[in-house]
Amino acid sequence: MAQSILGSSIYNKAEALAKSPGSISSVFGSKLRGLEFEQTQFGFLNSYKSNMALRPKAVTEGVGLVQEAKENTPMLIKKSTDGTDSFTEMKNRFLSFKKEKYLENLDCYRELAEAQSPKFMVISCADSRVCPSYILGFQPGEAFVVRNIANLVPPFENGPCETNAALEFSVNTLQVENILVTGHSCCGGIRALMSMEDEDNSSFIKNWVVVGKAARSSTKATTSNLSFDQQCKHCEKESINNSLLNLLTYPWVEERVAKGLLSLHGGYYNFVDCTYEKWTLDYQRSSPKHETGGYAIKNREFWS
């Protein structure tokens with residue numbers, strides 16, 4: 001029986017995903033050859049924790065949370081009237097990247113210049129607060145990323161768009177082993193979805209978020225007694241599972257999932273308390289063709 005994302009407090013231990021060599025593909029006349037990377041999979045949490053600026057520390061005048069390494073605190077680019085200050089900071093960041101990352105790992109970047117062989121495709125929201133590479137620690141070459149409003153995946157029958165073009169490339173050409181659809185708290189796109197009236201398509205945004213109407217309908221049916229904010233939070237996770245089911249409407253996605261060559265995962269980043277929830281779609285117990293769009297999940301984890 002399919003289960004809902006909300007209401008469960010049981011989280012499984014992390015499972016290591018099998019490592020497989022990259023394959024040789026050809027796109028537009030350019031060869032893509034396999035490039036070996038250290039298999040980090042969902043182990044990004046350890047490296048993420050080690051880079052956090054806030055850490056518990058005992059002090060002589062009491063025990064509490066103190067801020068360490070203030071120089072590592074991100075400097076946000078501020079708006080300016082002519083854009084000069086913004087691009088000055090951007091220039092400094094690029095030069096810092098070149099000196100501290102690119103030149104220090106020149107061999108790796110030279111290999112990446114010839115080919116890519118990512119193990120992940122990540123479908124994330126375009127929200128400026130939820131950059132997946134920054135949050136999950138993906139390094140160059142590890143993840144093929146596409147971002148859109150509310151991290152939605154339209155079904156196959158909706159026709160071509162930039163999201164399923166990226167999906168086709170990552171699955172058929174790059175042959176990624178994992179697709180991660182990752183959502184987040186306080187999502188404006190989901191709020192727009194939950195706020196719209198039926199057949200309301202008066203803007204580009206509403207025309208896009210209607211892709212998640214199945215998640216909206218199921219949310220309203222099961223959370224009618226909750227506040228609007230609570231309904232939106234529920235739908236943020238429900239829409240992720242709806243997108244996972246939509247992925248199975250693509251024949252070449254379902255074929256690789258059925259053969260065990262591709263796994264579909266959901267993720268939810270709560271930036272209010274900095275926690276991350278991850279789960280995997282149970283293909284054998286899920287069906288996008290079911291009347292209710294039934295889904296089941298497994299390997300659920302909670303990172304905090």
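Start by selecting Glu255 and Lys259: their side chains meet in a salt bridge, 3.1 Å from N to O. (A salt bridge here is a side-chain nitrogen of Lys or Arg within 4 Å of a carboxyl oxygen of Asp or Glu.) Lys259 is exposed at 57% relative accessible area, and Glu255 counts as partly exposed at 43%. For those labels, buried means under 20% relative accessible area, exposed means over 50%, and partly exposed lies in between, with a 1.4 Å probe and protein chains only.

Before moving on, a word on what you have open. This is a predicted model, in which local features need pLDDT of at least 70 and side-chain atom pairs count only at pLDDT 80 or more, while totals for chains, interfaces and linings use all residues. Residues are numbered from 1 along each chain as its sequence is written, and side-chain values use heavy atoms, with hydrogens and water left out.

**More salt bridges**

The count of salt bridges comes to eight. Next, pick Asp282 and Arg285, whose closest N and O atoms are 3.3 Å apart. Asp282 is buried at 11% relative accessibility, whereas Arg285 is partly exposed at 42%.

Now go to Arg300 and Glu277, a salt bridge of 2.6 Å, N to O. Arg300 sits in strand β10 and Glu277 in strand β9 (residues 275–281), so this pair ties together parts that are 23 residues apart in sequence. (Strands are DSSP runs of E with at least two residues, helices are runs of H or I with at least four, and both are numbered from the N terminus.) Are Arg300 and Glu277 buried or exposed? Both are buried. Add Lys237 to the selection: salt bridges that share partners join Lys237, Glu277 and Arg300 into one network.

Stay on strand β10 (residues 297–303) and click Glu301. Glu301 is buried, with a relative accessible area of 5%. Draw a C-alpha to C-alpha distance to Thr280 and you should get 9.4 Å, for two residues 21 apart in sequence.

**Into the loop**

Zoom to the loop between β6 (143–148) and α5 (162–173), where you'll find Ala150. Asn151 is in the loop between β6 and α5 as well. What is the sign of phi at Ala150? Phi is positive, near 70°, in a residue other than glycine. Asn151 also has a positive phi, near 45°. As for cover, Ala150 is buried at 1% and Asn151 is buried at 2%.

**A cavity to fill in**

Rolling a probe the size of a water molecule over the atoms shows where empty space is left. Three cavities of 30 Å³ or more turn up. (On a 1 Å grid over the protein atoms alone, a cavity is a set of points where a 1.4 Å probe fits but cannot get out, and lining residues have an atom within 4 Å of a point.) Head for the second largest, which holds about 70 Å³ of space. Its lining includes Ser124, Cys125, Pro132, His184, Tyr269 and Tyr276. Colour β5 (120–125), α4 (132–136) and β7 (178–184), the elements that each give two or more residues to that lining.

**Last stop: the surface**

Finish with Ile77, Phe87 and Met90, which make a nonpolar surface patch of about 300 Å². (Patch residues have over 30% relative accessible area and no salt bridge; like charges are joined within 9 Å, and nonpolar side chains (Val, Leu, Ile, Met, Phe, Trp, Tyr) within 5 Å.) Met90 belongs to helix α2 (residues 84–102) and is partly exposed at 42%.

Definitions and conventions. On a 1 Å grid over the protein atoms alone, a cavity is a set of points where a 1.4 Å probe fits but cannot get out, and a pocket is an open set with protein on both sides within 12 Å along at least five of seven lines; lining residues have an atom within 4 Å of a point. Grid points are joined across faces, edges and corners, and a volume is the space filled by probe spheres set on the points. Accessible areas come from the Shrake-Rupley method with a 1.4 Å probe; for residues, only the protein chains shown count as cover.
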